[in-house]
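Thanks, everyone. Let me put the structure up, and then I'll walk through it.

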Amino acid sequence: MFSIIFWGSLFLTVLAMFFSQKSEAKFRKNIVLGVTLPAQAHDCAEAAAILNNFKRKNGILFGLLGAACIAGFFISDLSVSFIFWGAVFLALLALPQVLFVCCNRKLAALKQARGWTAAGTKQVRVDLSAMISYPKPKPAAYLFSALLCIVSMLMQPALWWVHALFLLTVLFSCCAAVFLYRKKSEAVDANTQLTQTLSALRYRMWKYVWSIIALCSAMTSLSLAVLMLSFAVGITLLLVSSFGSCAAVVMIELHTRSLQEKLTAESGTDWYVDEDDYWLGGLFYYNPNDSHIMANMRTGTGSTFNLATKTGKFVTAVSLVLVLLVPVFLVSLAADEKSEIFLDTSVQTVFCENGSTRYEIPFDEIEQLELLETMPEGLFRTNAVGGQHIFKGSFAGSGMSDLKIIADPTVPPYLKIKTASGRCYLFGTRDPDETQAIFAELTAQIALAEHPAE
């Protein structure tokens with residue numbers, strides 16, 4: 001199940017990015033591969049050659065990435081799988097963008113050579129009649145999602161803070177639909193009616209995307225609560241809601257681009273909007289004359305940051321760092337899969353350590369001590385990492401809402417300790433004999449502490 005989710009999610013991302021990149025080679029709003037071209041460029045053999053080359057290389061690239069995801073599914077060693085997943089993830093982030101920018105530069109050079117750039121001084125036109133009224137999303141559209149999060153919180157009060165985070169995501173989605181949208185007219189040419197239609201289309205699709213994100217967050221919250229009652233039902237609900245929401249967002253994006261393509265098929269024969277100078281490589285918006293932090297992507301429904309602003313630079317840099325931390329985290333997990341687990345008793349204290357995770361329990365806090373031959377059933381992570389050969393962090397399940405674990409789930413037995421405060425711990429080394437010996441030693445030390453020799 002883990003491999004299906006782990007590699008299946010990456011494969012679906014590859015699939016979504018393939019169709020997204022493929023759609024960039026189609027003319028919409030006079031733009032193709034991030035370059036604004038006139039209608040006469042549609043019949044240009046050189047432009048067609050660049051586009052066909054892009055589509056061919058795009059197919060090869062994503063075919064290899066998809067094959068890598070399928071191959072990764074059959075890797076049995078989880079530590080190797082983690083590292084390979086991180087490598088494919090980085091390739092997926094970088095290589096399609098490199099291909100896009102290279103073809104964008106070739107097309108931009110052709111545009112310059114053919115004299116398809118705007119002649120004379122650039123002009124600023126303001127068509128007040130093209131402005132539309134942007135209705136605010138109705139909060140009721142997000143009420144159902146918020147109620148699902150509250151129900152989940154009531155079903156699983158021990159993890160109320162987790163469901164509260166999902167509730168905050170729903171509230172953020174509602175606010176994002178209103179405040180993160182750049183209410184800028186989608187002007188393509190002098191056709192006022194076309195501008196109004198394109199503007200209304202983008203805004204409507206933008207609201208749909210955020211409402212789906214809110215619903216996905218709520219369904220994830222509900223699935224975590226249901227996991228406590230039925231693991232099979234909970235995980236099924238999680239998979240269906242996650243993959244279904246992703247598919248819906250991708251379909252909305254591709255549908256928006258398709259409509260933009262059809263609506264602007266006849267544009268570009270006369271005056272038309274050309275903002276290529278503000279888009280670096282056709283991907284990154286950089287406009288010192290624009291004080292706005294956010295900017296609409298030129299096609300589709302998405303938004304991006306204006307890198308000419310300090311906030312835009314900061315948020316982009318933070319986002320890049322967070323993305324790059326994903327493979328670093330996976331390499332860390334791969335190392336933990338094989339790293340030593342230290343379990344010892346000394347100075348009237350039990351301590352267990354793996355990597356940066358360490359737990360200590362004084363003898364006088366131990367209320368109950370057991371040696372388990374199997375892991376408790378129905379465990380799920382609340383604030384933990386885990387793989388094929390390591391569980392560490394906070395878990396819940398089997399009637400325990402606060403369970404701290406450091407153990408290899410494939411190497412029983414496990415030392416279970418319950419403290420006077422009601423918290424449970426589960427420790428295990430990678431050597432069964434060592435764990436049993438520590439249990440015997442700990443039992444003797446506790447007995448000695450409770451009944452000291454007179």
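Proline 413 sits in the loop between strand 13 and strand 14. Helices here are DSSP runs of H or I with at least four residues, strands are runs of E with at least two, and both are numbered from the N terminus. Proline 412 and proline 413 are joined by a cis peptide bond, with omega at about 5°.

A word on the model. It is predicted, so local features need pLDDT of at least 70 and side-chain atom pairs count only at pLDDT 80 or more, while totals for chains, interfaces and linings use all residues. Residues are numbered from 1 along each chain as its sequence is written, and side-chain values use heavy atoms, with hydrogens and water left out.

Back to that loop. Valine 411 is there too, between strand 13 (400-407) and strand 14 (414-419). Its relative accessibility is 15%, so valine 411 counts as buried. The cut-offs: buried is under 20% relative accessible area, exposed is over 50%, and partly exposed is in between, with a 1.4 Å probe and protein chains only. Now take tyrosine 181, which is 230 residues from valine 411 along the chain. The C-alpha atoms of valine 411 and tyrosine 181 are 52 Å apart.

Next, backbone angles. Lysine 29 is not a glycine, yet its phi is positive, about 55°. Lysine 29 belongs to the loop between helix 1 and strand 1. It counts as buried because its relative accessibility is 8%. Leucine 33 is another non-glycine with a positive phi, about 50°. Leucine 33 lies in the loop between strand 1 and strand 2 (35-36). With 0% relative accessibility, leucine 33 counts as buried.

Now salt bridges. The rule is a side-chain nitrogen of Lys or Arg within 4 Å of a carboxyl oxygen of Asp or Glu. How many salt bridges does this rule give? The count is 17.

Start with glutamate 261 and arginine 28. Their closest N and O atoms are 3.9 Å apart. Glutamate 261 is in helix 7 (residues 231-263), and arginine 28 is in the loop between helix 1 (2-23) and strand 1 (31-32), so the pair ties together parts 233 residues apart in sequence. Is glutamate 261 buried or partly exposed? At 26% relative accessibility, it counts as partly exposed. Arginine 28 is buried, at 3% relative accessible area.

Second pair: aspartate 276 and lysine 111, 2.8 Å from N to O. This pair also links distant parts of the chain, 165 residues apart. Aspartate 276 is in the loop between helix 7 and strand 3 (279-280), and lysine 111 is in helix 3 (residues 78-114). Both residues are buried. There is a network here as well: salt bridges link Lys111, Asp274, Asp276 and Arg298.

Third pair: glutamate 253 and arginine 257, at 2.9 Å from N to O. Both are in helix 7, four residues apart, about one turn of the helix. Both are buried.

On to the surface patches. Patch members have over 30% relative accessible area and no salt bridge; like charges are joined within 9 Å, and nonpolar side chains (Val, Leu, Ile, Met, Phe, Trp, Tyr) within 5 Å. Areas come from the Shrake-Rupley method with a 1.4 Å probe, and for residues only the protein chains shown count as cover.

The nonpolar patch comprises Ile4, Phe11, Leu12, Leu15, Phe19, Ile70, Phe73 and Phe74, with about 730 Å² of accessible area together. Which helix gives the most to this patch? Helix 1, with five residues. Helix 1 and helix 2 (45-73) each supply at least two. Phenylalanine 19 is in helix 1, and it is partly exposed, at 38% relative accessible area.

Last item, cysteines. A disulfide here is a pair of cysteine sulfur atoms within 2.5 Å. The structure holds zero disulfides. Cysteine 102 is in none; its nearest cysteine sulfur, from cysteine 103, is 6.7 Å away. Cysteine 174 is in none either, and its nearest cysteine sulfur, from cysteine 175, is 5.6 Å away. Cysteine 174 is buried, at 17% relative accessible area. Cysteine 102 counts as partly exposed, at 42% relative accessibility.
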